[in-house]
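Q: Please take a close look at the salt bridges here, and then place them in the setting of the secondary structure and the surface around them. A connected account would help more than a list.

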Amino acid sequence: MNSMGIFLLKGKFMKNLDERTITQAVIERNSTSSNERLVDIMHSLVKHLHSFAREVHLTEEEWEMGIKFLTEVGQICSPTRQEFILLSDTLGLSTLVIAQNHKKPLGCTEATVFGPFHVQNAPQLELGTNISEGVKGTPWFVSGNIRGIDGEPIPNAEIEVWQADDDGYYDVQKENLQAYQGRAVLKADNQGHYYFQTIVPEAYPIPHDGPVGKMLEALNRHPWRPAHLHFMITAPNYERLVTHIFKEGGEYLDSDAVFGVRSSLIANWLRHEEGLDPNGNFQDTPFYTLNFDFILNKQKIGVES
Ligand code: BEZ
Ligand code: FE
């Protein structure tokens with residue numbers, strides 16, 4: 001018996017395998033590694049994969065289609081296109097993994113999917129900067145505080161934000177664009193306060209010109225995500241928070257293609273007529289404001305943020 005309670009045959013019966021004995025044989029062959037976690041994961045994977053094939057009575061044509069699909073998922077991947085993340089997201093696997101790894105005390109800001117549009121080395125900008133970097137759109141003034149669960153301000157927290165523009169595209173999706181737009185790394189002030197200017201992002205379809213798009217179409221599913229702004233917040237001794245803030249009343253909140261919406265992350269993106277903005281400057285078009293406080297969970301002992 002191994003650590004998962006699976007009975008091992010210890011090298012016997014490795015010939016003449018059939019649909020009843022193959023699972024046990026593979027599990028046994030995989031069981032000599034000294035990496036116990038890998039062995040447990042592979043045992044479970046093989047067990048469930050084989051059960052799946054038995055349950056649906058997978059035909060050879062369907063299995064070939066599956067392999068062709070996964071091949072296409074790999075082939076379309078590039079430094080700016082991560083089809084495997086899209087696959088995980090649209091199958092709900094990302095939300096499942098996040099949910100089971102980020103259980104927090106009530107009152108902490110909830111986490112949601114990371115998505116494929118985060119980039120390393122986004123520009124470090126000063127609080128108050130307009131992070132849209134020249135993209136056209138409705139001005140938006142975003143601010144709030146970063147606090148712990150006991151109400152303590154978290155000074156100098158690092159706040160990374162990224163967003164689509166008002167056509168629903170991220171900078172990395174725009175061919176020939178060499179600059180960063182709609183993304184920044186900011187540092188909260190010594191009271192945990194943050195603020196910046198940007199433009200209001202719109203709802204957008206996830207990239208659906210590849211195999212994941214074909215899968216959604218075959219399943220009669222749309223590829224749209226509700227309008228949102230991404231945040232990743234890190235501070236020493238607190239659990240890293242990866243989340244979004246969604247627009248209250250926006251389309252697709254009840255049918256997000258990647259299952260990422262949580263009620264606690266829907267906020268009022270407040271519309272204002274032309275007039276003085278929060279910086280005291282005159283805006284000659286309507287603009288929006290968002291005030292949102294993030295409550296971080298304490299770091300679990302022995303885990304780095
Ligand atoms: C995003 O919000 O950027 C995103 C998340 C999952 C899949 C595609 C995009
Ligand atoms: Fe997004």
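A: In this predicted model, the count of salt bridges comes to 15, where a pair is accepted if a side-chain nitrogen of Lys or Arg lies within 4 Å of a carboxyl oxygen of Asp or Glu. One of them brings together the side chains of Arg81 and Asp209, with 2.8 Å from N to O. Arg81 sits in the loop between α3 and α4 (83–90), and Asp209 in the loop between β5 (204–205) and α6 (211–218), so this contact ties together parts of the chain that are 128 residues apart in sequence. The two partners differ in their surroundings: Arg81 has a relative accessibility of 14% and counts as buried because the limit for that class is under 20%, whereas Asp209, at 63%, counts as exposed.

A further salt bridge is formed by Asp171 and Arg183, whose closest N and O atoms are 2.7 Å apart. This pair links the loop between β2 and β3, where Asp171 lies, to strand β3 itself, which carries Arg183, across a separation of 12 residues. Here neither charged side chain is left open to the surface, since Asp171 is buried at 4% relative accessibility and Arg183 is buried at 1%.

The salt bridge between Arg271 and Glu273, at 2.6 Å from N to O, has another setting. Arg271 is partly exposed, with a relative accessible area of 46%, while Glu273 counts as exposed at 53%. Beyond such single pairs, Lys68, Glu72 and Lys214 are joined into one network by salt bridges that share partners.

Strand β3, which holds Arg183, leads from these contacts to the sheet. Five strands make up an open, mixed sheet in the order β3-β2-β7-β8-β9. At its edges stand β3 (183–187) and β9 (266–267), each of which pairs on one side only. Within the sheet, β2 (residues 158–162) and β7 (residues 228–234) run antiparallel to each other and are paired over five bridges; Glu158 stands opposite Thr234 in β7, and the bridge partner of Trp162 in that strand is His230. On to β8 (residues 241–247), β7 is joined by six bridges, again in the antiparallel sense, with Phe231 having Thr243 as its bridge partner in β8. The two strands form a hairpin with six residues between them, and Asn237, which lies in the turn, has a positive phi of about 75 degrees.

How far is β7 covered by the rest of the structure? Seven of its seven residues are buried, and the cover extends to both faces, with His228, His230, Met232 and Thr234 on one side and Leu229, Phe231 and Ile233 on the other. Strand β4 (residues 193–199) can be read in a similar way: five of its seven residues are buried, so this strand is largely enclosed by the rest of the structure. Its antiparallel partner is β1 (residues 139–148), to which β4 is paired over seven bridges, and Ser143 stands opposite Tyr195 in β4.

The surface offers charged groups outside these salt bridges as well. Glu60, Glu61, Glu62 and Glu64 gather there in a patch of negative charge, and by the rule for such patches their members have no salt bridge. Among them, Glu62 belongs to helix α3 (residues 60–76) and is partly exposed at a relative accessible area of 40%. A nonpolar counterpart is formed by Leu45, Leu49, Phe52 and Val56, which together present about 370 Å² of accessible area on the surface. Leu45 is part of helix α2 (residues 36–55) and, at 45% relative accessibility, counts as partly exposed.

As for the frame in which all this is set, the protein chain contains six helices and 14 strands, and its C-alpha atoms fill a box of roughly 80 × 45 × 35 Å along the principal axes. Of its 305 residues, 40% count as buried.

Key. Residues numbered from 1 in each chain as written. Chains lettered and ligands numbered in written order. Predicted model: local features only at pLDDT ≥ 70, side-chain atom pairs only at ≥ 80, totals over all residues. Heavy atoms only, no water. Patch = residues over 30% accessible without salt bridge, like charges linked within 9 Å, V, L, I, M, F, W, Y side chains within 5 Å. Areas by Shrake-Rupley, 256 points an atom, 1.4 Å probe, with all protein chains shown as cover. Lys, Arg positive; Asp, Glu negative; His and termini not counted. Charge placed at Lys NZ, Arg CZ, Asp CG, Glu CD. Helix = DSSP H or I, 4+ residues; strand = E, 2+ residues; numbered from the N terminus. Buried < 20%, exposed > 50% of the residue type's maximum accessible area, 1.4 Å probe, protein only. Pairing = 2+ DSSP bridges.
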